[in-house]
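Me: I should like to understand how descriptive words for a protein model are justified. Please take me through the reasoning step by step.

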Amino acid sequence: MTSIYKSTEPSVSIFNTPSYNPQLVEGVDSVLIIGSGGLSIGQAGEFDYSGSQAIKALKESNKKTILINPNIATNQTSHSLADKIYYLPVTPEYITYIIERERPDAILLTFGGQTGLNCGVELDRTGILKKYNVKVLGTPIKTLITSEDRDLFANALKEINIPIANSIACATVDEALAAANSIKYPVIIRSAYALGGLGSGFANNDQELKQLSSQSLSLSPQILVERSMKGWKEVEYEVVRDRVGNCITVCNMENFDPLGVHTGDSIVFAPSQTLSDEEYHMLRSAAIKIIRHLGVIGECNVQYALQPDGLDYCVIEVNARLSRSSALASKATGYPLAYTAAKIALGYTLPELPNPITKTTVANFEPSLDYIVAKIPKWDLSKFQYVDRSIGSSMKSVGEVMAIGRNYEEAFQKALRQVDPSVLGFQGSDEFGDKLDDALAVPTDRRVLAIGQALIHENYTVDRVHDLTKIDKWFLFKCMNLVNMYKELEAVNSLDSLEKDLLQRAKKLGFSDKQIAVSISKNACTNVGELEVRKLRKSFGIVPFVKRIDTLAAEFPATTNYLYITYNATKNDVEFDDHGMLVLGSGVYRIGSSVEFDWCAVNTAKTLRDEGKKTIMINYNPETVSTDFDEVDRLYFEELSYERVMDIYELEQSEGCIISVGGQLPQNIALPLYENGCKILGTSPVDIDRAEDRHKFSSILDSINVGQPAWSELTSVDEAKVFADKVGYPVLIRPSYVLSGAAMSVVNNEDELKLKLTLASDVSPDHPVVMSKFIEGAQEIDVDAVAYNGKVLIHAISEHVENAGVHSGDASLILPPQNLSDKVKANLKEIADKVADAWHITGPFNMQIIKEGDKPLKVIECNIRASRSFPFVSKVLGKNFIEVAVRAFLGGDKVPEPVDLMLGKNYNYVAIKVPQFSFTRLAGADPFLGVEMASTGEVASFGKDILESYWTAMQSTMNFHVPLPGSGVLLGGDLSKEYLGQVASILAPLGYHLYTTNETTQKYIQDHVGANSPVNIIEFPRNDKRKLRELFQKYDIKSVFNLASKRAENTENLDYIMRRNAIDFAIPLFNEPQTALLFAKALSAKVAEKVNALASDKVIVPSEVRTWEEFVGFRAD
């Protein structure tokens, strides 16, 4: 295969010399960029960041950019970046349609995660790229295949004598068993062409291997059985190579957790802390040797296993694409990897590129760091029933944080607080009881707390913890420094006796004011508060310093705006004369708060800059665009705590602070900031508190005659019983100040009530619990709006497809609404006006409203902040709601005139936003939807009507394969309602084979579909994964409709087994009545067209393949 890069001569000129003449790839004017789709575990916001940087780099080089990405919440899907945007499934089929329409000159595959890479390999295999003469920019397809196919990869590394774990590629379970017995147990299984270790795991015997390999082979055509090196160190290098062979290692990182935990689920430190110089250079040389041999052009990540007590090492894997680690490395070093990789893909060489951070040096250098970076993953496993909490070779975390400090202790403690603001820093937990040794030996999402418990409270030695965890002793000795500081602080029995020296040393070790206050209070007569410690600290003159990340360890002059705060310094690196506007970002991605809030933060900063304001962003999430160096005037990679935000506000003497665009996290500190003199833009935090506190909220709704379900505030179980008996079960229990329905639950009877109330009161001890009547079978509506001084400026009304009772973050939203009368729309606007007025709202707010037949509308929720649907409504209606909100914050003549986009407007398109779930990753979790949010992301598509947009949106979810006529459909669930029968009656005439698991369901379905469509029973083995897989294959089951009315009581429940195995075998699952019906109707309308298109030799472009601009009718921002 000939290279698209004509010249392989090294370039001598650099970007600022007269002879500068880069030799770029010829004949490339337009580039198709493959996005990564909905955020899921293993493939999250880091690809919004890397894709956005790639688009910036291409635009700088005057290339026309075409983007395919159905993730409407992302920053990259904005016209301020890409020229053309398609909200379509990232599949070879839909990419082919776009290539047919747009005829791009080239394609970029390495910025869309594993999804993009897999699509590229398939497009090459089927000859589409060759047929349309589309050049692959950057790393060639052959290299991508070599790095992904485990056999080819092993052979390539053998050619250059690089050690690799002994492994055997297998395509069947029997081959896997034979391989394991030749390698000897324990072994690890890995799937080829999979992301985030999907389908991988450890096996210690034949039985474990059978279970694991049968599941892995259903997700991937090939698995690898290899020697397990659990307990070795895991080290990563990020390497960049250009077309002429210039190579640099940008960053190396070391995992705190030894090998055996997926790197995405590991605590990671950069640069590496425990490697000798010999080890560091041995692995660096190997990384460069590998990337040159494979022929990578762009960015690459090499993962190693390193013997803890010798120089033996082997390569675990190579990712020849941008990854989560490369986003972390970019933010950790300040070196813009994705931007540089995109430039290299066009043909630039490293000496020809400026370092865009410093603007004074070239990109052909290795960053040096005068600080330590800690990354800690965020798990949300507690939201799932029956989930396996152990962490291993398959990734389960939903997000990650990054903290910067001048020593290990400072960075580590900062990061621990960033993951969970209720955590003080390095601390223990009494949840482990007598199982502490197990909690240390078996990694789970709680292991760092077990280490804290062991060292701080149980007097374990470093040696004992090391023996159990295999974590390097260097890290554990550093943790002991924190234990010793705790002891010193606890010996102080009053604030007056806290000496300056001790306080200063504690701050240098990353102790927060609150952590110090709690430690002193332990043995003091009176409780010491956080603000008292702050006051004392400032009176001693102990204040933090602002340091700059300049990629050069301050060896060269550089004027970067990329900052962090530390107590381990003697002077500030910056002057404070901008008085910029603070924007508080979203913090860590988790279920309920994700990339949509990053879009809000980025657009806030952009609008402020357009209005001539200086901007300061505070955020600590390395996956985000808001933490990109060129989005704001100053970027603080810092905690979003009261203490840190106030530090920055005081240092910068900020003009004001925006707290309503980053989700719930900034909202939770709004009141203390306000009470201590911080100027908050928009709605007053006092009014926000009146909406967050359920009792105040409900009382105000009553006073303005806005309907709501019957409610009561309760402080005891007895009160709750009386209320529930009065209104009738089911009832909804909810604490105040929550995001994504945490600890909200529907209660169906008295026994559940007792159980659930104890859970809810643990969540918010300061706030009593509010209970309300839960209305079943009603329609839910979302209203997103922006107001100024209590007057609504703009609003959007989205209908939920699902009935009320499914969390709004897990619901499918339709916009513009298709089933609401003008009268209902006018009524909704009236409610929005009343609410905006009652809470004196200036800025964004969101309401959820229930419509039960023709009864009066009822408000169930109001958030006075931007909601997760803000990017969706902005892009669908072509009007940026955040821009309107920022102009409302600024007030005066900046405030736009009110506009009604809902009443009297005719739209000739519909968009539907659907949730992206990650149940595949969460072994055992019951894929059942309720009031607790479970989705990790979202996708959206446009269409000429509901069916077309839903059809496209569902295909946009990860690994969704449309079940074609002739395949089997497995049906089950609640037979007391008509939904399952209605679904079956739509599917039967299309030629699907219908199956159930028992006679009762068979009779029910048969009654609905009539005698001409046979319904067959399959005997379901409950606990045998291998037999289940064979069964699904035998009957060619390609979709499962399980419409159970409630969660499974246990894992033996047939509905649970049906749902869970659909997930495990990567088969579409419909588990909610309204969406099941809608998809059945969409199949009926569109599947024949798809079958014809797949059978045709010609490329027939379906009607849904249009750009965002074509659907909306103009070029929206």
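The dialogue below sets values for this predicted model against the definitions they rest on.

Me: What makes the protein chain as compact as a globular protein of its length?

Reply: The chain holds 37 helices and 38 strands. Its radius of gyration is 29 Å, and the globule rule gives 32 Å for 1117 residues; the two values are close, so the chain counts as being as compact as a globular protein of that length. Taken along the principal axes, the C-alpha atoms fill a box of roughly 80 × 70 × 65 Å.

Me: Which domains does the assignment give?

Reply: The domain assignment gives domain 1 (30-145), domain 2 (165-373), domain 3 (404-545), domain 4 (550-690) and domain 5 (710-768). The C-alpha centres of domain 1 and domain 3 are 45 Å apart.

Me: What share of the residues is buried, and what supplies the exposed area?

Reply: Buried residues account for 65% of the 1117 residues. The chain exposes about 38700 Å², of which carbon and sulfur atoms supply 48%. As for contacts between residues at least 6 apart in sequence, 71% join residues at least 24 apart.

Me: How far apart are the mean positions of the positive and negative charges?

Reply: The chain has 114 positive and 142 negative charges, and their mean positions are 2 Å apart.

Me: Why is helix H5 called mostly covered?

Reply: A residue is buried when its relative accessible area is under 20%. Six of the eight residues of H5 (141-148) are buried, and the helix is therefore described as mostly covered. The buried ones are Ile141, Thr143, Leu144, Thr146, Ser147 and Glu148. They pack against helix H3 (113-125), helix H4 (128-131), strand S5 (135-136), helix H6 (150-159), helix H9 (277-294) and strand S14 (313-319).

Me: How do you know whether glycine 138 is buried or exposed?

Reply: Glycine 138 has a relative accessibility of 5%, and because the limit for buried is under 20%, it counts as buried. Glycine 138 is in the loop between S5 and H5. Leaving aside neighbours within four places in sequence, glycine 138 is in contact with Tyr5, Ile297 and Ala345. The C-alpha atoms of glycine 138 and arginine 243 are separated by 8.4 Å, although these residues are 105 residues apart along the chain.

Me: How is glutamate 1072 classified, buried or exposed?

Reply: The relative accessibility of glutamate 1072 is 6%, which is under 20%, so glutamate 1072 counts as buried. Glutamate 1072 lies in the loop between strand S38 (1069-1070) and H36. Not counting residues up to four places away in sequence, glutamate 1072 touches Glu802, Asn803, Val806 and Leu1043.

Me: Why is valine 1099 called partly exposed?

Reply: Partly exposed covers the range between under 20% and over 50%. Valine 1099 has 23% relative accessibility, so it counts as partly exposed. Valine 1099 is found in the loop between helix H36 (1073-1095) and helix H37 (1108-1112). Valine 1099 and tyrosine 97 are 1002 residues apart in sequence, yet 7.0 Å apart in space, C-alpha to C-alpha. Leaving aside neighbours within four places in sequence, the contacts of valine 1099 are Thr96, Tyr97, Glu100, Lys131 and Tyr132.

Me: What makes the phi of histidine 579 and of asparagine 789 worth noting?

Reply: Most residues other than glycine have a negative phi. Phi of histidine 579 is near 50°, which is positive, and phi of asparagine 789 is also near 50°. Histidine 579 is in the loop between strand S18 (562-566) and strand S19 (581-584), while asparagine 789 is in the loop between strand S27 (779-788) and strand S28 (791-803).

Me: Why do histidine 579 and asparagine 789 receive the accessibility labels they have?

Reply: Histidine 579 has a relative accessible area of 32%, which falls between the two limits, so it is partly exposed. Asparagine 789 has 53%, which is over 50%, so it counts as exposed.

Me: Which peptide bonds leading to proline 271 and proline 730 are described, and what is omega in each?

Reply: Most peptide bonds are trans. The bond from alanine 270 to proline 271 is cis, with omega near -10°, and a cis bond with omega of about -5° joins tyrosine 729 and proline 730. Proline 271 lies in the loop between strand S12 (268-270) and H9, and proline 730 in the loop between helix H26 (717-727) and strand S24 (731-734).

Conventions
Residues are numbered from 1 along each chain as its sequence is written. This is a predicted model: local features need pLDDT of at least 70, side-chain atom pairs count only at pLDDT 80 or more; totals for chains, interfaces and linings use all residues. Side-chain values use heavy atoms; hydrogens and water are left out. Domain bounds come from an automatic or database domain assignment. Helices (H or I, at least four residues) and strands (E, at least two) are DSSP runs, numbered from the N terminus. The radius of gyration is taken over C-alpha atoms; the globule rule is 2.2 Å times the number of residues to the power 0.38. Buried means under 20% relative accessible area, exposed over 50%, partly exposed in between (1.4 Å probe, protein chains only). Contact means heavy atoms within 4.5 Å. Accessible areas come from the Shrake-Rupley method with a 1.4 Å probe; for residues, only the protein chains shown count as cover. Lys and Arg count as positive and Asp and Glu as negative; His and the chain ends are not counted. The place of a charge is taken as NZ of Lys, CZ of Arg, CG of Asp or CD of Glu.
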